[in-house]
Amino acid sequence: MPAIQLLFIAGLTAVLAGVVGFAAVVLASAARSGGGPHVTSGFLRRFARPGRERAELHRWAFYLHRITGFAIFAFLCLHILDVSTYALSPALYDELHGLYATAPMRVFEAGLLVAILFHTLNGLRLVAVDVADMGIDASRRALVAVAALTVVLGAAGGAVIVAPAFA
Amino acid sequence: MSRALGPEGRAFRGGDRHRVAARPGGLAGRRLAASVAVRVTGLALAVLVLGHFTLTHIVTDVAEADAGYIARRWQSALWLAWDWTMLATALFHGAAGVWIAVEDYSPDEPARRRRQLVLVAVTLALLVLGTVTLAAGSGA
């Protein structure tokens, strides 16, 4: 494997490790100050409550927004570095870019799409909550729509990205 | 400076409530300006990034987005403008978000300042690198 590809894999590993570490910090601090228990045996029971009592969904949306935002920024840093090889030599870029079409990278790109979709749609929801002065019920319904759109668009886009590796 | 203490007198851990020192010069006004800037850049990125991702991963298969694809695309001033705007906007938006996360999870003032300094340095370096890449790639 060419050195430039190994370098990229090392960078991607660092990005993923950074994201896992950041998520651990977010969730550990959330468990201490976010209020209420988290994923415990009572989780499903709490989930069965009527929608308007499920205000903690907003809290989970906040954690997920932070973690996906950090993940996208971390990948952006690596992506600027990998595209910059084009300025050194287009051949070097092509050698590195060959990785993007491999099956594991395609799975990673599908995951990246899901992160971008959630962060974008939830961000639009937050702007709408402020601009339209939406109340807690309306913003929770919007959050359910964000989750549904993320799943639908992420699955459709992810299938298009991953399919060539298994064709 | 000694390590900041949390509410119960032990060392600060992420998630503790702590007072961020008020800074002179209209803190509330700057917070408002920052939150408006993050939302406006976010709206722009919704178009720029989803457009970029759709074109290079879904409309075009990623295997075909090679050096030849970049060479063709960067002949157009419009695509150069798109890519540079996306670069600068995404770096600003991302750095602003990580800045706030650092503020929330950093144990004490020196650690917070050190991390924010690294963040700004990395962001500016990447902005310069991306701009140089676009300039070199366009043949300017």
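Read along its sequence, chain B of this predicted model follows the pattern α-α-α-α. Select chain B as the starting point of the tour: its secondary structure comes to four helices and zero strands. Colouring by burial is a useful next view, in which 16% of the 140 residues of chain B count as buried. If contacts are drawn within chain B between residues at least 6 apart in sequence, 63% of them join residues at least 24 apart.

**The contact between the chains**

Next, display chain A together with chain B. The contact takes 35 residues from chain A and 35 residues from chain B. On the side of chain B that touches chain A, at least two residues come from each of α1 (27-59), α2 (67-73), α3 (77-105) and α4 (109-137) of chain B. Which helix should be selected as the one that gives the most to this side? That helix is α1(B), with nine residues. Coloured by class, the side of chain B that touches chain A shows 20 nonpolar, nine polar and six charged residues.

**A helix pair in chain A**

Now hide chain B and select residues 3-33 of chain A, helix α1, and residues 56-88 of chain A, helix α3. The angle and the distance between the axes describe two packed helices. Here the helices pack at an angle of about 165°, and their axes are 10 Å apart. Because roughly antiparallel applies to angles over 145 degrees, α1(A) is roughly antiparallel to α3(A). The crossing in which α1(A) passes α3(A) is right-handed.

To see the contact itself, show side chains on both helices. From α1(A), select A:Ile4, A:Phe8, A:Gly11, A:Leu12, A:Val15, A:Gly18, A:Val19, A:Phe22, A:Ala23, A:Val26, A:Leu27 and A:Ala30. From α3(A), the residues making the contact are A:Tyr63, A:Arg66, A:Ile67, A:Phe70, A:Ala71, A:Ala74, A:Phe75, A:Leu78, A:Leu81, A:Asp82 and A:Thr85. By class, the contact of α1(A) with α3(A) has 18 nonpolar, three polar and two charged residues.

**A loop residue in chain A**

The last stop is A:Arg49, in the loop between α2 (43-47) and α3 of chain A. Is A:Arg49 buried or exposed? A:Arg49 counts as exposed, because its C-beta neighbours inside 10 Å number 9, and a residue with 12 or fewer is placed in that class. Finally, add A:Ile116 to the selection and draw a C-alpha to C-alpha distance: A:Arg49 and A:Ile116 lie 30 Å apart in space and 67 residues apart in sequence.

How values were computed. Residues numbered from 1 in each chain as written. Chains lettered and ligands numbered in written order. Predicted model: local features only at pLDDT ≥ 70, side-chain atom pairs only at ≥ 80, totals over all residues. Axes fitted to C-alpha atoms, helices over the stretch in contact; angles between N-to-C directions. Parallel < 35°, antiparallel > 145°, perpendicular 65-115°, else oblique. Left-handed = near helix turned anticlockwise from the far one by under 90°. Contact = placed C-beta atoms within 7 Å. Nonpolar A, V, L, I, M, F, W, Y, C, P; charged D, E, K, R; others polar. Buried ≥ 20, exposed ≤ 12 C-beta atoms within 10 Å, placed from the backbone.
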